[in-house]
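This report concerns strand pairing and surface charge in one protein chain, and is best read with the coordinates open alongside.

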Amino acid sequence: MANTIITPTWVSKDVAVAWKNNIKLIANFDRQWDRTWENLPQGAKIGDTAQVRLPQRFVVTEGQAFVQQAILNQTVPVSVNHQYQVGMGWSSADSALRVEEVQERYTMPAGRALASKADVQSGAEVYYTVYNSVGTPGTAITDDVTYTDGVAKLRNLGVPEELVAVLDPKSQSKLLAANFALFNPQAQISKYFRSGQFAGAALGVDEWFWDPLLPTHTTGTFTTATPIVSSAGQTGSTLAMSGLGTYAFKKGDIFTVAGVNSVNPVGYTDTGDLQQFVITADTAGTTTGTLPISRPILTSGQPQTVTASPANNAVVTFLGATGTVAATMAATASKQSLVFNPGAFAFVAADLPKNLPGANSRRVNDEQVRISLRWTEQYQFMSDQLPSKVEMLVGVAAIVPQFAFRCFS
């Protein structure tokens, strides 16, 4: 039987299959923005950016008199800023191996490695943009109500109904254990044990998945403190506070302010929930400080986010602190599971150029999962080696972070 020679195109397809079978988190992100880079004839370059337009919001007025509103076009940048690769090499003699051996030894592990890298990087880049959360840092979630409360929070914020949950394996285990005791669908329980997926709509979520590659957030710290707002009438993406003690906050830390509730973005009504804010950059100091935050504090107009600006001396409660008066906060690590509508986040994969001087290069696109991979090799006759690499050019962005909530555990 004749030997089968592995061509770059065939190897790239093998890698694409392995990549598709191993993505968890980003498999459920919005993928429509891939098409933004389709018309670049030479392929995309690292750093290329597109602006994604957010939905328009209008305020309804009453009466016959014409009231003109401004058109507010808000955009979020999405950049293809990560070029991942797996480099390898073999001799011309190795290239005569059977296809199955090459798949097992080289291409399938390459696909798994690329998938893992994309999942890890994407989770790390989007989780800290999400301000809605449930759970307590360092404490496992062991009940269904915590999840349904999070879903209710999204419903109050007008988030579309299609929700996906991606949990770390320990959180998934707690969820399964809690529900085995309440319900006893034998066929489903059998599937849970085989696949680890809590399949189907449950607790207001359409699909549940597990992913061991989810990011870990370690909270910031402060010594004995009574955090309060330092002046009234503050708006925008910063908040001045006092009473903080010696502090070292981390990007991704969450807090609430007494008397500042979130609003429904369509009806502009009070949701009854305190607006959660996330710190957007590491910040350290003593006693007083101005923290960079998201959501921005906007009290009126089309982009309104909250019911009111914080009052002077309003109590500030940090997630993970021991309280609000003479409180402390220690560094506490928590896996960050995510429940979200796919529109919350975007993952894009763009074509890399394939016409490379002096190299044998092929590009393969998988239409189903919409990824683009490039395989490149060059023969080195002095050593009879074929160094080669498979690459992908991708980017991730939080488009509408209010469409998601984080689960601390």
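The text below describes a predicted model, beginning with its strands and ending with a group of charged residues.

Strand β18, which covers residues 333-340, has six of its eight residues buried, so the strand is largely enclosed by the rest of the structure. Its pairings with β5, β7 and β23 are set out below, each with one residue pair that can be located in the model.

| Strand paired with β18 | Sense | Bridges | A residue pair |
|---|---|---|---|
| β5 | antiparallel | three | Val166 and Leu338 |
| β7 (residues 216-218) | antiparallel | three | Thr218 and Ala333 |
| β23 (residues 404-408) | antiparallel | five | Leu338 and Arg406 |

Leu338 of β18 thus appears in two of these rows, being the bridge partner of Val166 and also having Arg406 of β23 as a bridge partner.

An open sheet of six strands, paired in the antiparallel sense, follows the order β9-β10-β15-β13-β12-β16. Its edges are formed by β9 (228-229) and β16 (316-318), each of which pairs on one side only. Within this sheet, β10 (residues 236-242) and β15 (residues 289-297) run antiparallel and are joined by five bridges, and Thr238 has Pro292 in β15 as its bridge partner.

On the surface, Glu161, Glu162, Asp206 and Glu207 gather in a patch of negative charge. Glu161 lies in the loop that connects α3 (144-156) with β5 (164-167), and it counts as exposed because its relative accessibility is 60%, where the cut-off for exposed is over 50%.

Key. Residues are numbered from 1 along each chain as its sequence is written. This is a predicted model: local features need pLDDT of at least 70, side-chain atom pairs count only at pLDDT 80 or more; totals for chains, interfaces and linings use all residues. Side-chain values use heavy atoms; hydrogens and water are left out. Patches are made of residues with over 30% relative accessible area and no salt bridge: like charges are joined within 9 Å, nonpolar side chains (Val, Leu, Ile, Met, Phe, Trp, Tyr) within 5 Å. Accessible areas come from the Shrake-Rupley method with a 1.4 Å probe; for residues, only the protein chains shown count as cover. A salt bridge is a side-chain nitrogen of Lys or Arg within 4 Å of a carboxyl oxygen of Asp or Glu. Lys and Arg count as positive and Asp and Glu as negative; His and the chain ends are not counted. The place of a charge is taken as NZ of Lys, CZ of Arg, CG of Asp or CD of Glu. Helices (H or I, at least four residues) and strands (E, at least two) are DSSP runs, numbered from the N terminus. Buried means under 20% relative accessible area, exposed over 50%, partly exposed in between (1.4 Å probe, protein chains only). Two strands pair if DSSP finds at least two bridges between them.
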